Amino acid sequence: MWNPERPFGISFEPLFEKLYKAVTGQTASEFRFIEGVTPLSTPTEVFVSCILYLAIIFGGQYLLKNRKPFKLDFLFKVHNIFLTLVSLGLLVLILENIIPIYARGGLLYAICDRNAWTQRLELLYYLNYLVKYYELIDTLFLVLKKKKLEFLHYYHHSLTMVLCYSQLMGNTSVSWVPITLNLIVHVLMYYYYYRATSGARIWWKKYLTTLQITQFVLDLGFVYFCTYTYFAFNHFPYMPNMGTCSGTIGAALFGCALLSSYLVLFISFFRKTYKKPAAKAKKN
């Protein structure tokens, strides 16, 4: 019989504990996200990182304007398979922690109760946040290979890092929803990039973009609900609500606004990439 307390049949926590201690020299249970103490935990660090990111990629484009593109296929494959495995590892660990919470308290409890923000999940959310810094290398590869740099790409990469930081600061219990959906997409996306760089013809690229759009629709359904019930319960109690929801107002509003912009931009990208070429082909 399936046990929600051990959803995968085995526990990956002991392995994670050993790996974490080997890398940091501390036990995972000691971690606390503290502004100004934990690395990359201040608004200044996040802001400077974004500015440096933009300066490096646009400065790099300018410096490489008259040079031939670099051939970095091997490094790019290593980068993508690494992110595929890291995304899968974080996904499994977060699910291993959130499924028991959901089983014990239900969906509303898992997305809104302050006790659904646990120490272990906070650590995993922080590690996911750190991965967003590493993912900025995606753009560096594009610059060095002299590929077209879409606004959506650097907007999404830089501000997702800011989004993860804002939710860590805001302790939003619903964080696991967009994070797990994003990790599912990233497992498939970075595997796609790995296979494409290896020369494989991937037929499901269009469906990957569709999955990304679906991800943001689901994200918005959850974060809008949590934001609404928070405001209704605390400020407009005469309106129907499901009680308050854990997290700060600033983190909630920023998450709603940014995820909404992602949905609009990804739909626009989908239409530009797949709809217009199809329409031109019919005319010809």
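Which residues does His-186 touch, not counting residues up to four places away in sequence? I began the entries with this point.

**Entry 1: basis.** I note that this is a predicted model, in which local features need pLDDT of at least 70, side-chain atom pairs count only at pLDDT 80 or more, and totals for chains, interfaces and linings use all residues. Residues are numbered from 1 along each chain as its sequence is written, and side-chain values use heavy atoms, with hydrogens and water left out.

**Entry 2: His-186.** I looked up the contacts of His-186 and found Ser-87, Lys-132, Glu-135 and Tyr-191, leaving out residues up to four places away in sequence. Contact here means heavy atoms within 4.5 Å. I placed His-186 in helix α7; helices (H or I, at least four residues) and strands (E, at least two) are DSSP runs, numbered from the N terminus. His-186 has 4% relative accessibility and therefore counts as buried. The classes are buried under 20% relative accessible area, exposed over 50%, and partly exposed in between, with a 1.4 Å probe and protein chains only.

**Entry 3: Gln-212.** I located Gln-212 in helix α8, residues 205–235. Its relative accessible area is 11%, so Gln-212 is buried. Apart from neighbours within four places in sequence, I found Gln-212 in contact with Val-185, Met-189 and Phe-266.

**Entry 4: aromatic pairs.** I searched the whole structure and obtained 25 aromatic pairs. Rings of Phe, Tyr and Trp (its six-membered ring) pair if their centres lie within 6.5 Å; planes under 30 degrees apart count as stacked, over 60 as edge-to-face and the rest as tilted. One of the pairs is Tyr-126 with Tyr-129, tilted, at 6.1 Å centre to centre and 45 degrees between the planes. These two tyrosines are separated by about one helical turn because they are 3 residues apart in helix α4, residues 119–134. I recorded Tyr-126 as buried at 6% relative accessibility and Tyr-129 as buried at 0%.

I then examined Phe-151 and Tyr-154, an edge-to-face pair with 5.6 Å centre to centre and 85 degrees between the planes. Both lie in helix α6 (residues 151–170), 3 residues apart, about one turn of the helix. Phe-151 is partly exposed at 43% relative accessibility, whereas Tyr-154 is buried at 18%. I found both in one aromatic cluster, whose other members are Phe-58, Tyr-155, Phe-216, Tyr-262 and Phe-266.

**Entry 5: helix α5 and what follows.** I listed the buried residues of α5 as Asp-138, Thr-139, Phe-141 and Val-143. Their cover includes α2, α3 (73–112), α6 and α7 (176–197). Just after α5, I noted a positive phi of about 60 degrees at Lys-146. The charged end of Lys-145 sits over the ring of Phe-76, 4.3 Å from its centre; this requires NZ of Lys or CZ of Arg within 6 Å of the ring centre and within 35 degrees of the ring normal.

**Entry 6: nonpolar patch.** Which elements give two or more residues to the nonpolar patch? I first listed its members, Phe-47, Val-48, Ile-51, Leu-52, Ile-56, Ile-137 and Leu-140, which make a surface patch of about 620 Å². The elements sought are α2 (43–63) and α5 (137–144). The largest share, 5 residues, comes from α2, and Ile-56 lies in that helix. Patches are made of residues with over 30% relative accessible area and no salt bridge, with like charges joined within 9 Å and nonpolar side chains (Val, Leu, Ile, Met, Phe, Trp, Tyr) within 5 Å. A salt bridge is a side-chain nitrogen of Lys or Arg within 4 Å of a carboxyl oxygen of Asp or Glu. Accessible areas come from the Shrake-Rupley method with a 1.4 Å probe, and for residues only the protein chains shown count as cover.
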